[in-house]
Amino acid sequence: TGRRSHNTTQNQVGATRRLRPSTRRLRRTVMASADPFSAVRARLAEHGQAHLLSPPPPAAAAEDYLRQLRGLDLPWLRRMFESSTSAQPPAGDITPFEDITCVEELPAGGAEARSEGLRLIAEGKVAALLLAGGSGTRLGSAAPKGCYDIGMPSHKSLFQYHAERLLGARRLAAER
């Protein structure tokens, strides 16, 4: 027997017959559903994201993963990625401060300024503000940049590193 098209079938005695249009649609649906990844794979490939199915998810998680992939707005994600990675000139004229004094340059290494600073901290008259905006997409992280492991031996994030330094300053101020 030769190759059959999807529009024909053989009955039990080997006779070939044409399928009705409704049967052809059903057969195409069954064949398409045999690989639940095919439609999602094609859509991902169209947007340069086929790697999201390589390797395929474990069978137990496949349906949930496919549901999440189907829900992605891939054109919007591409626009957001391109926007976040494009070089944009800074707004306005940015110039450095001119009147900066390093504590180490003060008389006696800044001991008086340090003492005054610790006194103000102990009295609750000092605030700290850490500005760390933006997401870490260019770093390969879905978290904010401040949560990114910057490669210190302790594997602390920038947020943790600076929070611990602030707590240390508060402890020093309390010990005075």
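1. A quick definition first: helices are DSSP runs of H or I with at least four residues, strands are DSSP runs of E with at least two, and both are numbered from the N terminus. Keep in mind as you read that this is a predicted model. With those names in hand, the chain has six helices and two strands. Follow the sequence and the pattern reads β-β-α-α-α-α-α-α, so you meet the two strands and then the helices.

2. Some whole-chain numbers come next. The chain has 176 residues, and 12% of them count as buried. Its accessible surface comes to about 14200 Å², with 57% of that belonging to carbon and sulfur atoms. As for contacts with a separation of 6 or more, 35% are between residues 24 or more positions apart.

3. Which residues make up the largest nonpolar core? There are eight: Phe37, Val40, Leu44, Leu53, Ala62, Leu66, Leu69 and Leu74. Two elements, α2 and α3, each give two or more residues to this core, and α3 gives the most, with three. As background, nonpolar side chains tend to be buried together in soluble globular proteins.

4. Leu53 is a good core residue to click on. Setting aside neighbours within four places in sequence, Leu53 is in contact with Phe37, Val40, Arg41, Leu44, Tyr65 and Leu69. Compare that list with the core: Phe37, Val40, Leu44 and Leu69 are core members too.

5. Now look at the loop between α2 (38–46) and α3 (59–70), where His47 lies. Is His47 buried or exposed? His47 has a relative accessible area of 16%, and the cut-off for buried is under 20%, so His47 counts as buried. Beyond residues up to four places away in sequence, His47 touches Leu74, Pro75 and Arg78. One of these, Leu74, also belongs to the largest nonpolar core.

6. That loop between α2 and α3 also holds Pro55. The peptide bond leading from Ser54 to Pro55 is cis, with omega near 0°. It deserves a second look because most peptide bonds are trans.

7. Pro75, one of the residues touched by His47, sits in helix α4 (residues 74–85). Pro75 is partly exposed, at 36% relative accessible area. Try checking a distance here: Pro75 and Glu46 are 29 residues apart along the chain, and their C-alpha atoms are separated by 10.0 Å.

8. For helix packing, turn to α5 (residues 111–122) and α6 (residues 158–175). How do these two helices pack? Their angle is about 95°, and their axes are 8 Å apart. Angles of 65 to 115 degrees count as roughly perpendicular, so α5 and α6 are roughly perpendicular to each other. On the α5 side the contact is made by Arg114, Leu118, Ile121 and Ala122, and on the α6 side by Ala169, Arg170, Leu172 and Ala173. Sort the residues of this contact by type and you get six nonpolar, no polar and two charged.

9. The loop between α5 and α6 has a few residues to visit, among them Tyr148. Tyr148 is partly exposed, with a relative accessible area of 28%. Not counting residues up to four places away in sequence, its contacts are Leu139, Ser141, Lys156, Ser157 and Leu158. Tyr148 and Phe159 are eleven residues apart in sequence, and from C-alpha to C-alpha the gap is 8.7 Å.

10. Ala143 lies in the loop between α5 and α6 as well. At a relative accessible area of 25%, Ala143 is partly exposed. Leaving out residues up to four places away in sequence, Ala143 touches Ser135 and Gly136.

11. Finally, check the backbone at His155, which is also placed in the loop between α5 and α6. What is special about its phi? The phi of His155 is near 60°, a positive value in a residue other than glycine. Most residues other than glycine have a negative phi. With 56% relative accessibility, His155 counts as exposed, since the cut-off for exposed is over 50%.

Conventions: Residues are numbered from 1 along each chain as its sequence is written. This is a predicted model: local features need pLDDT of at least 70, side-chain atom pairs count only at pLDDT 80 or more; totals for chains, interfaces and linings use all residues. Side-chain values use heavy atoms; hydrogens and water are left out. Axes are lines fitted to C-alpha atoms, for helices over the stretch in contact, and angles run from 0 to 180 degrees between N-to-C directions. Angles under 35 degrees count as roughly parallel, over 145 as roughly antiparallel, 65 to 115 as roughly perpendicular and the rest as oblique. Contact means heavy atoms within 4.5 Å. Ala, Val, Leu, Ile, Met, Phe, Trp, Tyr, Cys and Pro count as nonpolar, Asp, Glu, Lys and Arg as charged, and the others, Gly among them, as polar. Buried means under 20% relative accessible area, exposed over 50%, partly exposed in between (1.4 Å probe, protein chains only). A nonpolar core is a set of buried Ala, Val, Leu, Ile, Met, Phe, Trp, Tyr and Cys residues joined through side-chain atoms within 4.5 Å. Accessible areas come from the Shrake-Rupley method with a 1.4 Å probe; for residues, only the protein chains shown count as cover.
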